[in-house]
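Please open the model in your viewer and keep the selection panel at hand. The stops below are arranged as a walk, with the selection to make at each one and a description of what is found there.

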Amino acid sequence: MDHAELTTDQVLKRDIPWETYMATKLISGTSLQLLRRYDHQPESHRAQLLDDDGPAYVRVFIQVLHDIFKEDTVEYVLALVDEMLAANPKRARLFHHITLAVEDTYEPFLRLLWNGNWFIKEKSCKILALIVSVSPKNQNGIVSNGEASNSKNPFTPIDDVLIGLVKWLCEQLKKPSHPNRGVPTAVNCLSTILKEPVVRSSFVQADGVKLLVPLISPASTQQSIQLLYETCLCIWLLSYYEPAIEYLATSRALPRLIDVVKSSTKEKVVRVVVLTLKNLLSKGTLGAQMVDFQLPQVVQSLKAQAWSDEDLLEALNSLEEGLKDNIKKLSSFDKYKQEVLLGHLDWSPMHKDCLFWRENITNFEENDFQILRVLITVLDISNDPRTLAVVCFDLSQFIQHHPSGRLIVADLKAKERVMKLMNHENAEVTKSALLCIQRLFLGSKYASFLQA
């Protein structure tokens, strides 16, 4: 059977030759007794054994994974551990019991991430993520296997474990080992461990945020909804970390989050996205971007729906108030500048609002026409038809409303760039480019006769 399609139940039906391992001194007599007592027993019986002597069984599992490399046996023990944790995730704390201080708890799982088949990789990842997520802490740092992280010992330091795990997870997001389960497994594990500061920093340093952003998209099937939820959970955890926020602010994360919250009916997905937006609201230009993406209207629509989660309702009210404050603080030209500087322009009302252009036309002169220069540069760097169409239209508006608009735009070499777009495959782009060129040739005196 293909190891990628193995199930835990299939693996647990195997008979492992524990006596042979004892005869070759790969396990001790005590380990053999514990394994035989636990092996192929009903779940209720196993649960009682773990309640009575959990750390002893965990020690045996770790020692087997450390000393035995036969694939069938490794798969079997990983399946035992996975089943044990699935039945009760709190059992992950057993791996940090004081009696295991002499064991290198993490090493086998970290090693198997890179060396095993898909079944081994997936189980090792899930187990490792769960046991590091409950690693006990004290005032001196993270406690690993009963020892402070700054103590001198021969075992794998917790920070190295987390960095190694993040590296493997990023590899899965780039090049999944399994076509269907690689990415969901990686995202699931990230959602478990991203609360750790060292995980956040190493994930951002590994350029991991850009690997998550494409996964933020509306979902329909149960499997894809779970992946979307866990992806958004990761983004929420990252929204508490400034370097990650800097990346989110310059990526397409925000419009994607808003698209998700507009279309999702799953309460848990809506809740985690709204909480993320609430966190990001006060960061840099993100509040202004939210207003431009019509988030206030989206929040109004969400508030009209019958949600049962009080935390969600409270977060919606808080987000609504924050957006209102943001609208008051930002002038329309501030919002326009932020849109241009981001290089992603859309047909927000200000572009076609003659009052906006009349009131703000002199603002374009600031810093030697900086915003106008950036606007023209966007024509060279953007491939988005909507953005190109809006830029051409805005240049035509500048020509129409500024007394020297025609000369300024010509001096900045915009004419050649716009003329190239008159043959663009997108009709919206060609229409705006044609209008811009017409106004450029006619000048402001006659440009008003040309309608968009």
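**The second largest pocket**

Begin by selecting helix H7 (118-133), helix H9 (182-193) and helix H12 (222-238), each of which supplies at least two residues of the lining of the second largest pocket; helices here are DSSP runs of H or I with at least four residues, strands are runs of E with at least two, and both are numbered from the N terminus. This is a predicted model, in which local features need pLDDT of at least 70 and side-chain atom pairs count only at pLDDT 80 or more, whereas totals for chains, interfaces and linings use all residues. Residues are numbered from 1 along each chain as its sequence is written, and side-chain values use heavy atoms, with hydrogens and water left out.

A pocket is defined on a 1 Å grid over the protein atoms alone, with a 1.4 Å probe, as an open set of points with protein on both sides within 12 Å along at least five of seven lines, and its lining residues have an atom within 4 Å of a point. Now show Glu122, Lys126, Asn180, Arg181, Pro184, Thr185, Asn188, Gln223, Gln226, Leu227 and Glu230 as sticks, since these residues line the second largest pocket. H12 gives the most to this lining, with four residues. The space in the second largest pocket comes to about 200 Å³, where a volume is the space filled by probe spheres set on the grid points, which are joined across faces, edges and corners. Colouring by residue class divides the lining into two nonpolar, five polar and four charged residues; Ala, Val, Leu, Ile, Met, Phe, Trp, Tyr, Cys and Pro count as nonpolar, Asp, Glu, Lys and Arg as charged, and the others, Gly among them, as polar.

**The largest pocket**

Which residues should be selected to reach the centre of the largest pocket? This pocket holds about 450 Å³ of space, and of the 25 residues that line it, Arg252, Pro255, Phe293, His344 and Asp346 are the closest to its centre. Helix H13 (242-250), helix H14 (253-263), helix H16 (286-292), helix H19 (332-342) and helix H22 (385-401) are the elements that give two or more residues to the lining. By class, the lining of the largest pocket consists of eight nonpolar, eight polar and nine charged residues.

**Nonpolar cores**

Next select Trp18, Leu128 and Phe203, which touch the most other members of the largest nonpolar core, a set of 115 residues. A nonpolar core is a set of buried Ala, Val, Leu, Ile, Met, Phe, Trp, Tyr and Cys residues joined through side-chain atoms within 4.5 Å, where buried means under 20% relative accessible area, exposed over 50% and partly exposed in between, with a 1.4 Å probe and protein chains only. Leaving aside its neighbours within four places in sequence, Leu128 is in contact (heavy atoms within 4.5 Å) with Tyr106, Phe109, Leu110, Leu113, Val161 and Leu165. Apart from the largest core lies another, of 35 residues, including Ile361, Val390, Val418 and Leu440.

**Contacts of Leu281 and Ile163**

Move to Leu281, in the loop between helix H15 (267-280) and H16, where this residue is buried with a relative accessible area of 9%. Beyond its neighbours within four places in sequence, Leu281 is in contact with Leu286, Gly287, Met290, Leu319, Gly322, Leu323 and Asn326. Ile163, in helix H8 (residues 158-174), is partly exposed at 40% relative accessible area, and outside its neighbours within four places it is in contact with Val198 and Ser202.

**Cysteines and backbone angles**

Select Cys170 and Cys234 next. With a disulfide taken as a pair of cysteine sulfur atoms within 2.5 Å, the count comes to zero. Cys170 is in no disulfide, the nearest cysteine sulfur, that of Cys234, being 11 Å away. The sulfur of Cys234 is 9.1 Å from the closest cysteine sulfur, in Cys232, which is too far for a bond.

Finish with the backbone: most residues other than glycine have a negative phi. Lys25, although not a glycine, has a positive phi of about 60°; this residue lies in the loop between helix H2 (18-23) and helix H3 (29-38), and is exposed, with a relative accessible area of 75%. Asp368, likewise not a glycine, has a positive phi of about 55° and is found in helix H21 (residues 366-381).
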